[in-house]
Amino acid sequence: MTIKCEVVQDLLPLYIDDHCSKESRELLDVHIQSCDACKTVLKTMQDELPLGNESEKLKGLEAKKPFKKLRNMVITYVSIITSILIIVLVGGYLYLTNVTHNELNVAISSIDVSDHEINVVGSSTNSANGYNGFDYQIEGDSLYLQLKYTTLVSSRNPSGDFEITINENFTNIKKVYIEGEKQGYLLLVWER
Ligand SMILES: [Zn+2]
């Protein structure tokens with residue numbers, strides 16, 4: 001029994017899906033073996049609609065795609081958030097530590113100068129500042145005190161209050177200044 005190419009090609013989708021009878025399949029097999037045109041059409045159809053394991057594999061890939069997208073999105077967001085956190089933490093750390101008291105909004109409540117000790121008690125008039133230590137230099141007959149503040153008031157820096165005691169030979173000291181980081185921020189707090 002011979003069948004026309006048109007008929008064979010009409011039946012090829014059923015053949016590919018394995019939905020035709022055993023008899024039809026055998027007829028089609030015989031025809032396709034000897035007909036290059038139908039063989040080509042079959043091949044094209046099989047390439048367009050992969051079956052069996054191929055099809056399952058493809059489905060697997062399709063199913064994985066959304067997760068890949070999601071994963072890439074998560075990676076992107078995590079990278080952005082990490083970068084922002086690093087910038088904020090580093091910037092914040094630099095901002096909050098060792099901020100020198102440039103503005104000199106300082107109130108001195110007492111200052112005692114003896115030949116071998118100087119004691120200064122005071123506070124920041126800016127309530128946001130926590131006292132964080134001091135530096136000093138002696139130049140000629142002047143003592144320059146440099147107060148260090150952080151803008152973070154915490155248990156470590158409970159307030160802007162400070163009490164400074166320095167023991168040195170102060171017999172030649174005639175003036176005590178509180179100094180800001182920038183030149184020109186000088187407050188004369190004691191004079192002999
Ligand atoms: Zn044919």
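**Exercise 1. How many helices and how many strands does the protein have, and in what order do the elements run from the N terminus?**

Solution. The model is a predicted one, and the protein in it has four helices and eight strands. Reading from the N terminus on, the elements run α-α-α-α-β-β-β-β-β-β-β-β.

**Exercise 2. Determine whether V106 counts as buried or exposed, and place this residue in its element.**

Solution. Begin with the element: V106 is found in strand β2, which covers residues 106–113. Next, take the neighbour count, which for V106 is 22 C-beta neighbours inside 10 Å. A residue is buried if 20 or more other C-beta atoms lie within 10 Å of its own, and V106 therefore counts as buried. For the setting of this result, 14% of the 192 residues of the protein count as buried.

**Exercise 3. Find which strand is joined to β2 by seven bridges, and describe how the two strands run.**

Solution. The partner is strand β3, residues 117–124, and the seven bridges join β2 to β3 in an antiparallel arrangement. The two strands form a hairpin, with three residues between them. As a single example of the pairing, I111 has V120 in β3 as its bridge partner.

**Exercise 4. Compare the separation of V106 and D161 in sequence with their separation in space.**

Solution. Along the sequence, V106 and D161 are 55 residues apart, while in space their C-alpha atoms are 9.5 Å apart. Turning to the contacts of the protein, among those between residues at least 6 apart in sequence, 60% join residues at least 24 apart.

Notes. Residues are numbered from 1 along each chain as its sequence is written. This is a predicted model: local features need pLDDT of at least 70, side-chain atom pairs count only at pLDDT 80 or more; totals for chains, interfaces and linings use all residues. A residue is buried if 20 or more other C-beta atoms lie within 10 Å of its own, exposed if 12 or fewer, and partly exposed in between; C-beta atoms are placed from the backbone. Two residues are in contact if their C-beta atoms, placed from the backbone, lie within 7 Å. Two strands pair if DSSP finds at least two bridges between them.
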